[in-house]
Amino acid sequence: MTVEGTPLRRDVLFLANHLSWLDILVVASASGAAFVSKDEVRKWPVIGWLASLHNTIYVARSDRNGVKGQADQLRAALATGQPVALFPEGTTEGGHEILPFRASLLSAVFPALPDLKVQPVALDYGVLAQKIAWVGKEPAVANARRILSRPGTIPVIVHFLTPIDPHDVPNRKALAEQSQAEVQAALFPNGPAGKTSEN
């Protein structure tokens with residue numbers, strides 16, 4: 001793993017692109033962050049265990065009526081100063097392409113906490129990105145077995161990008177769009193490989 005840029009150590013919400021459950025290990029190793037994850041991950045073999053090791057904040061993303069409660073949960077964690085990481089695509093289905101950064105949980109950042117910054121993070125697996133991306137209906141155990149049985153190491157560059165002060169951003173949607181644009185620019189300097197942000 002190669003780290004470029006400097007991760008903030010507290011009062012930070014990291015927003016990273018998402019290809020694989022490996023992202024949890026990579027971001028945790030580089031930053032010490034806790035995670036926000038969908039509730040069902042807690043029950044997944046191997047992956048759920050790994051997620052829970054890192055103080056994961058589990059949210060029921062399928063409960064559209066519970067978004068405010070989920071954002072409140074995230075805000076409470078951020079208020080302690082602990083670094084927290086969120087994969088705002090909400091899925092690995094995009095593979096190497098970046099899916100829209102969902103803005104709903106970013107309401108946790110507004111009104112802006114006094115010292116909190118949002119730091120976009122670009123995870124770059126290079127030529128292996130398409131091979132390690134978890135897409136389709138591959139079961140969790142099969143995916144873990146496939147990745148862990150690969151010979152050699154899986155190189156990854158973790159780009160910690162310039163932090164964004166939520167005081168300088170008008171709303172959660174603008175924050176999602178700016179963060180996604182920063183990640184896309186880091187991964188695809190010759191042009192974006194992603195879609196427009198959504199709510």
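Helices are DSSP runs of H or I with at least four residues, numbered from the N terminus. With that in hand, let's work through this predicted model together.

**Exercise 1. Find the element that holds A76, and decide whether A76 is buried, partly exposed or exposed.**

Step 1. Look along the chain for the helix: A76 lies in helix 3.
Step 2. Read the relative accessible area of A76, which is 46%.
Step 3. Compare with the cut-offs: buried means under 20%, exposed means over 50%, and partly exposed is in between. A76 is therefore partly exposed.
Step 4. Now look across the structure. A108 is 32 residues away from A76 along the chain, yet 8.5 Å separates their C-alpha atoms.

**Exercise 2. Work out the order of the strands in the sheet, and say which strands stand at its edges.**

Step 1. Trace the sheet from one side to the other: its seven strands come in the order 1-7-6-2-5-3-4.
Step 2. Note the type. The sheet is open, and its pairing is mixed.
Step 3. Pick out the ends. Strand 1 (2-4) and strand 4 (57-59) each have a single partner strand, so one side of each has no neighbour in the sheet.
Step 4. Add the twist, which averages 25 degrees from one strand to the next.

**Exercise 3. Describe how strand 3 pairs with strand 4 and with strand 5, and whether strand 3 is enclosed.**

Step 1. Start with strand 4. Strand 3, residues 34-38, runs parallel to strand 4 and is joined to it by three bridges. Here V36 stands opposite I57.
Step 2. Turn to strand 5. The pairing with strand 3 is again in the parallel sense, over two bridges. F35 has A85 of strand 5 as its bridge partner.
Step 3. Check burial. Of the five residues in strand 3, four are buried, so this strand is largely enclosed by the rest of the structure.

**Exercise 4. Identify what helix 3 and helix 6 touch or cross, and at what angles they run.**

Step 1. Helix 3 covers residues 67-79 and packs on the sheet, touching strand 2, strand 3, strand 4 and strand 5 (84-86).
Step 2. The direction of helix 3 makes about 170 degrees with that of strand 4.
Step 3. Helix 6, residues 172-187, lies across strand 2 and strand 6. Its angle to strand 6 is about 35 degrees.

**Exercise 5. Locate the largest nonpolar core and name the elements that supply it.**

Step 1. Count the members: the largest nonpolar core has 32 residues, and L123 and Y125 have the most contacts inside it.
Step 2. List the suppliers. Elements giving at least two residues each include helix 1 (22-31), strand 6 (117-124) and helix 5 (140-148).
Step 3. Find the top supplier, which is helix 1 with six residues.
Step 4. Zoom in on Y125. Leaving out residues up to four places away in sequence, Y125 touches residues including L22, V26, I132 and P155.
Step 5. Look for another core. A second, separate one has 30 residues, among them L106, I164, A176 and F188.

**Exercise 6. Find the largest pocket and say which element gives the largest share of its lining.**

Step 1. Estimate the space: the largest pocket holds about 350 Å³.
Step 2. Look at the lining. It has 21 residues, and H18, K38, V41, W44 and T92 are the closest to the pocket's centre.
Step 3. Sort the lining by element. Strand 3 contributes the largest share, four residues.

**Exercise 7. Examine three loop residues: D39, D11 and P111.**

Step 1. D39 sits in the loop between strand 3 and helix 2. Its relative accessibility is 27%, so D39 counts as partly exposed.
Step 2. Setting aside residues up to four places away in sequence, D39 touches Y58, V59 and A60. The C-alpha atom of D39 is 8.5 Å from that of I57, 18 residues away along the chain.
Step 3. D11 belongs to the loop between strand 1 and strand 2. Although not a glycine, D11 has a positive phi of about 50 degrees. With 17% relative accessibility, D11 counts as buried.
Step 4. P111 is found in the loop between strand 5 and strand 6. The peptide bond from F110 to P111 is cis, with omega near -5 degrees.

Terms used: Residues numbered from 1 in each chain as written. Predicted model: local features only at pLDDT ≥ 70, side-chain atom pairs only at ≥ 80, totals over all residues. Heavy atoms only, no water. Core = buried A, V, L, I, M, F, W, Y, C linked by side-chain atoms within 4.5 Å. Buried < 20%, exposed > 50% of the residue type's maximum accessible area, 1.4 Å probe, protein only. Contact = heavy atoms within 4.5 Å. Pairing = 2+ DSSP bridges. Axes fitted to C-alpha atoms, helices over the stretch in contact; angles between N-to-C directions. 1 Å grid on protein atoms, 1.4 Å probe; cavity = no way out; pocket = protein on both sides within 12 Å on 5 of 7 lines; lining within 4 Å. Points joined across faces, edges and corners; volume = space filled by probe spheres on them.
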